[in-house]
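Student: Please take me closely through a single part of this model. I am new to it, so explain each term as it arises.

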Amino acid sequence: LDRMAAQLQRLRPARVLDAGCGEGYVYRGMRDRGVSAAWTGLDLSPGAIAFAAARHPDAQWETADLRRIARPDRSADLVLCSQVLEHIPQPEQVRDELARVSARWLLVSVPLEPLFRSICALTVAVGVGQDPGHVNFWTPRRFRSFIEAAGTLRHWERTSVYQIALVERR
């Protein structure tokens with residue numbers, strides 16, 4: 001969250017679309033770190049959206065399918081998608097839709113593979129974790145190639161178990 005917030009603070013987008021927002025935890029993390037953009041969260045789960053809306057009425061929350069976002073082209077200054085694409089079959093469709101609704105920036109994070117998968121397998125094996133339901137496994141090379149199809153990669157970094165890309169839309 002610190003690294004994503006640093007990018008948001010540097011870019012200062014007026015309108016952020018949080019694609020796959022879940023229960024609004026990234027939004028709260030960004031607010032706690034001083035990000036003040038107008039925020040819209042989209043998620044497929046009505047329950048997650050209801051939770052986010054109840055906790056954070058100062059943002060806009062909508063149930064939506066990321067494969068077909070009911071928004072005009074270039075309607076958000078920055079589209080943020082954190083820890084979502086690894087759960088979606090055929091993520092290219094979602095990537096292209098995120099790029100379509102972004103006026104300029106995509107900020108995307110996914111797990112770092114093969115490390116993340118190994119850690120998850122170990123936690124499941126010893127009974128302290130569960131399978132996160134990933135269907136895509138993003139090595140740095142694969143992720144960079146995938147995300148560069150949306151625009152020009154302006155920043156890429158990795159943490160101990162995640163990787164983050166900032167893409168300027170074409």
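Tutor: A residue is called buried when its relative accessible area is under 20%, exposed when it is over 50%, and partly exposed in between (1.4 Å probe, protein chains only). Helices (H or I, at least four residues) and strands (E, at least two) are DSSP runs, numbered from the N terminus. The model is predicted, with local features requiring pLDDT of at least 70 and side-chain atom pairs pLDDT 80 or more, while totals for chains, interfaces and linings use all residues. Residues are numbered from 1 along each chain as its sequence is written, and side-chain values use heavy atoms, leaving out hydrogens and water.

The part to examine is the sheet, together with the helices that pack on it. Its 7 strands form an open sheet in the order 3-2-1-4-5-7-6, and their pairing is mixed; two strands pair if DSSP finds at least two bridges between them. At the edges lie strand 3 (60-63) and strand 6 (151-158), each of which pairs on one side only. From one strand to the next, the twist averages 20°. Angles run from 0 to 180 degrees between N-to-C directions, along axes fitted to C-alpha atoms (for helices, over the stretch in contact).

Let us begin at strand 3. Its pairing with strand 2 (residues 38-43) is parallel and spans 4 bridges; Gly-41, for example, has Trp-61 of strand 3 as its bridge partner. Helix 2 (residues 25-32) packs on the sheet here, touching strand 1 (15-19), strand 2, strand 3 and strand 4 (76-82); such contact means heavy atoms within 4.5 Å. The direction of helix 2 makes about 160° with that of strand 2.

Moving along the order, strand 1 and strand 4 run parallel and are joined by 3 bridges. Strand 4 in turn is joined to strand 5 by 6 bridges, again in parallel. Leu-80 takes part in both pairings: in strand 4 it is the bridge partner of Asp-18, and in strand 5 its own partner is Leu-107. Beside this pair, Cys-81 stands opposite Val-108 of strand 5. Both strands are mostly covered, with 7 of 7 residues buried in strand 4 and 8 of 10 buried in strand 5.

Helix 4 (residues 91-101) lies across strand 1, strand 4, strand 5 (102-111) and strand 7 (162-169). Relative to strand 5, helix 4 runs at about 145°. Which residues of helix 4 are buried? They are Pro-91, Val-94, Arg-95, Glu-97, Leu-98, Ala-99 and Val-101. Their cover includes strand 1, strand 4, strand 5 and strand 7, along with helix 6 (140-148).

A residue elsewhere in the chain offers a contrast in setting. Phe-137 belongs to the loop between helix 5 (115-125) and helix 6. Why does Phe-137 count as partly exposed? It does so because its relative accessibility is 26%. From Val-101, which is buried in helix 4, Phe-137 is 36 residues away in sequence and 25 Å away in space, C-alpha to C-alpha.
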